[in-house]
Amino acid sequence: MNRAQRSNTLDNKAQAQVPGTGLLGLARDALMLMRVHHWQKNILVFVPMLVSREFGMASLGASITAFLAFSLAASSAYVLNDLIDAEADRLHQFKRERPIARGAISRAVAIGLILGLAVAAFAVAALLPIEFVVVLGVYYCATCLYSVIVKRMLGLDVVVLALLYTLRVIAGDEAIGSDSSEWIIAFSLFFFLALALVKRFTELSYLLDAGGTRAPSRAYRVEDLRVMVPLAAASGFSAITIFTRFIGSEDVLLTYSHPERLWYIAPVLIYWLIRLMLLANRLKVRDDPVVYATGDLKSLLCGGAVAGILVWAW
């Protein structure tokens, strides 16, 4: 049976399964396909509001609207990614449980979700300044391009992933009409590059553990493992270096009453990065590092400590 025949068979299977599972089952699979649990990544749009201390109702409402628009756009891109990767996902240790890969949702339903979520995202974005809509458009196009081409390009994929995270911060900036420091943008780029590299390291580690040699739909091989952690460490500690330089910047001196207290954030970040890399090496980080952190108690405590220090420094 060739690829087209297998795809048609699975589509027919999906269509046959929907009546049996009912609307509740279909809704559950659709939410899983949309990866609603990944919406937490879009909390990054609130960073500019927190850093600039724009706590008015207008800024809060704009940030919440930006969060919703980015979440809908991200879900549209996730569905597109799973539709493209369906064949490869069926061979993957964990991804084979995704709704399209296991035949729970047909191509037609998936395409409808892609278009519907994209339209909804930009309809919500229209409530915000045009600059935000432009950033969201860049994010959505870059995400789709990533799913179609970039994720198969060695090295470029992790750079684009870091940019996609950084665009969330920039979008939050445009949503409230603020002007975040270049230091924050630089920190975000290197910090999320480190997390993207940890994500690839985790994928390759599970591949090696399963006896594989090359990641499906990726340009990486298991021998690349030995350079992933050094690259991630270099990026992560570059981000922390940028942060320590940011403490002495004019932006901080004008915004914080006790900027010297921000130095206490550095050891928290150093500890969190070291622990993340060690856990990834032990195959304890199965999911995206950002998603993993939101469900990990010590990561949440680190996040709370950083938030507390920021308040203390004000």
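Which residues have the most contacts inside the largest nonpolar core? In this predicted model, they are Phe132, Leu136, Tyr139, Phe191, Phe192 and Trp272, and the core itself has 94 residues. Helix 8 gives the largest share of this core, with 12 residues. For Phe191, setting aside neighbours within four places in sequence, the contacts are with Ala239, Trp272 and Leu273.

Stepping back to the whole protein, the secondary structure is easy to sum up: 13 helices and zero strands. Read from the N terminus on, the elements run α-α-α-α-α-α-α-α-α-α-α-α-α. Of the 314 residues, 50% are buried. Contacts also reach a long way along the chain: among those between residues at least 6 apart in sequence, 73% join residues at least 24 apart. On the outside, the protein exposes about 15,100 Å², and carbon and sulfur atoms supply 67% of that area.

Helix 6 is worth a look of its own. This helix covers residues 130-148, and its 19 residues should span 27 Å at 1.5 Å a residue; the end C-alpha atoms are 27 Å apart, so the expected and modelled spans agree. Buried residues in helix 6 include Phe132, Val133, Val135, Leu136 and Gly137, and the list goes on with Tyr139, Tyr140, Thr143, Cys144, Tyr146 and Ser147. What covers them? Helix 3 (57-84), helix 5 (107-125), helix 7 and helix 8 are included in that cover. Phe132, Leu136 and Tyr139 thus turn up twice, being buried in helix 6 and among the residues with the most contacts inside the largest nonpolar core.

The surface has a nonpolar side too. A patch of about 760 Å² is made by Ile84, Leu145, Val148, Ile149, Met153, Leu156, Val159, Leu163, Leu189 and Phe190. Helix 6, helix 7 (156-176) and helix 8 (182-209) each supply at least two of the patch residues, with the largest share, three residues, coming from helix 7. Phe190 belongs to helix 8 and counts as partly exposed because its relative accessibility is 33%. Its sequence neighbour Phe191, by contrast, is listed among the best-connected residues of the core.

Charged side chains come next. How many salt bridges does the count come to? The answer is seven. In one of them, the side chains of Asp288 and Lys199 meet at 3.6 Å, N to O. Asp288 sits in the loop between helix 11 (265-281) and helix 12 (289-294) while Lys199 is in helix 8, so this pair ties together parts that are 89 residues apart in sequence. Asp288 is buried, with a relative accessible area of 5%, whereas Lys199 counts as partly exposed at 22%.

Another salt bridge stays inside helix 8. Glu203 pairs with Arg200, and their closest N and O atoms are 3.0 Å apart. These two are three residues apart in the helix, so about one helical turn separates them. Here too burial differs between the partners: Arg200 counts as buried at 2% relative accessibility, while Glu203 is partly exposed at 22%.

The side chains of Glu223 and Arg221 also form a salt bridge, at 2.8 Å from N to O. Both partners are partly exposed, with 35% relative accessibility for Glu223 and 39% for Arg221. Finally, salt bridges that share partners link Lys41, Lys199 and Asp288 in one network.

Key. Residues are numbered from 1 along each chain as its sequence is written. This is a predicted model: local features need pLDDT of at least 70, side-chain atom pairs count only at pLDDT 80 or more; totals for chains, interfaces and linings use all residues. Side-chain values use heavy atoms; hydrogens and water are left out. Patches are made of residues with over 30% relative accessible area and no salt bridge: like charges are joined within 9 Å, nonpolar side chains (Val, Leu, Ile, Met, Phe, Trp, Tyr) within 5 Å. Accessible areas come from the Shrake-Rupley method with a 1.4 Å probe; for residues, only the protein chains shown count as cover. A salt bridge is a side-chain nitrogen of Lys or Arg within 4 Å of a carboxyl oxygen of Asp or Glu. Helices (H or I, at least four residues) and strands (E, at least two) are DSSP runs, numbered from the N terminus. Buried means under 20% relative accessible area, exposed over 50%, partly exposed in between (1.4 Å probe, protein chains only). The expected span of a helix is 1.5 Å times one less than its number of residues. Contact means heavy atoms within 4.5 Å. A nonpolar core is a set of buried Ala, Val, Leu, Ile, Met, Phe, Trp, Tyr and Cys residues joined through side-chain atoms within 4.5 Å.
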